[in-house]
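Biologist: Could you walk me through this model, one question at a time? I work at the bench, so plain words are welcome.

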Amino acid sequence: MDNTTFRSFLQVLPPIEFACVYGSSLHPSNNDKTTMTDYILGVCDPKQWHSENLKLNKHHYASWMVNLGGERLITGVADKVGVGVHFNPFVTWNGKVHIVVDNLDVNSTNSVNLRAAVSAALLLLPSEFTEADLYAKVCSLSYTGDVRMLFAEDKNKVKKIVNGQFDLFHSMYKPFLEEYEAKKLLRLSSTANNQIHVSQDCDLSVVCSLVSALPPSIRSQMSIKEGEKTKLRETGIVIHDTKISTREEAANCLQRILRRRVMVSSARQAMSGFLAVGGVNASRYLAKKVSKAWKSWR
């Protein structure tokens, strides 16, 4: 599908600042015609946007939310129960992440996230691995600790995502691999099937470089768990460096932090989604997910 097809759905909504399409519906190998098209919509003022959408598309929301609080309740549930996202799996319309609208320059900001994802994956991978191993590890970061993976997700989800969108992963992450190669953090070579084989340096200096590319909130937690050393610059500013004893400790610490973060956020968002769509629709959605998950275990 092209941008015109994706944009046709947005025409029935109030104006948005950002929209992307993701999920298995984008996989070139996807043959399931019943697969949902997944959208992420970004707006500057969620309460105002929901207020306008209630006038245009009241059926997008659970009736109890409409009747009891409207846009105030909708955004309240998303922010205080969930993680700032209103979720509805059954918004219907006629008719890999694919960005459709970007008035917030999210595409540019996303490069910071891509570099952080590569750095985290490298910390969790051994000294020798393939390009496919890297993409699988990057992809798995989003599912480590996800409560849905226990019973409501395809056990082969990560493998299918990587296999279905390998070229997309390659185009997104190869520049960062080349950047890290230039910094002497790793070495790249070609395999017989034209993939990249990666050898990485596991010295503590390299580990510190990888940790420095992680989000500040992650580094802060790692510093709490690994211990801190504080320096006082000539300017009088106190800075905190993460004290890392071994690569294994850093990797284990990062793994625990990611697992807890994903577990908490996925549980909160699952509860928020249940409230947002109502019991009946939530049960329908969960039944579909569980059925798909069980098939993958057969």
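Modeller: Happy to! Let me start with a term: buried means under 20% relative accessible area, exposed over 50%, and partly exposed in between, using a 1.4 Å probe and protein chains only. This is a predicted model, where local features need pLDDT of at least 70 and side-chain atom pairs count only at pLDDT 80 or more, while totals for chains, interfaces and linings use all residues. Residues are numbered from 1 along each chain as its sequence is written, and side-chain values use heavy atoms, with hydrogens and water left out.

Biologist: Thanks! Are Tyr 135 and Tyr 173 buried or exposed?
Modeller: Tyr 135 has 0% relative accessibility, so it falls in the buried class. Tyr 173 shares that label, which makes the answer for both residues: buried.

Biologist: What percentage of the residues in the protein chain is buried?
Modeller: The protein chain has eleven helices and eight strands; these are DSSP runs (helices H or I, at least four residues; strands E, at least two), numbered from the N terminus. Of its 298 residues, the buried part is 38%.

Biologist: What kind of aromatic pair do Tyr 135 and Phe 166 form?
Modeller: Rings of Phe, Tyr and Trp (its six-membered ring) pair if their centres lie within 6.5 Å; planes under 30 degrees apart count as stacked, over 60 as edge-to-face and the rest as tilted. Tyr 135 sits in helix H6 and Phe 166 in helix H8, 31 residues apart. Their centres are 5.3 Å apart and their planes stand at 65°, so the pair is edge-to-face.

Biologist: And which kind is the pair of Tyr 135 and Tyr 173?
Modeller: This pair also links distant parts of the chain, with Tyr 135 in helix H6 and Tyr 173 in helix H8, 38 residues apart. With 6.1 Å centre to centre and 35° between the planes, the pair is tilted.

Biologist: Which residues form one aromatic cluster with Tyr 135?
Modeller: The structure holds four aromatic pairs. Joined to Tyr 135 in one cluster are Phe 166, Phe 169 and Tyr 173.

Biologist: Which helix gives the most to the largest nonpolar core?
Modeller: A nonpolar core is a set of buried Ala, Val, Leu, Ile, Met, Phe, Trp, Tyr and Cys residues joined through side-chain atoms within 4.5 Å. The largest one has 44 residues, and Tyr 173 and Leu 134 are among those with the most contacts inside it. Elements giving two or more residues include H6, H7, H8 and helix H5 (106-124). With eight residues, the top contributor is H5.

Biologist: Which helices do the buried residues of H7 pack against?
Modeller: H7 covers residues 157-164, and its buried residues are Val 158, Ile 161, Val 162 and Gly 164. Taking contact as heavy atoms within 4.5 Å, they pack against helix H6 (131-140) and helix H8 (166-182).

Biologist: Which residue of E6 is the bridge partner of Thr 130?
Modeller: Two strands pair if DSSP finds at least two bridges between them. Three strands form an open antiparallel sheet in the order E4-E6-E5, with strand E4 (128-130) and strand E5 (186-190) at the edges. Three bridges join E4 to strand E6 (residues 196-200). The partner of Thr 130 is His 197.
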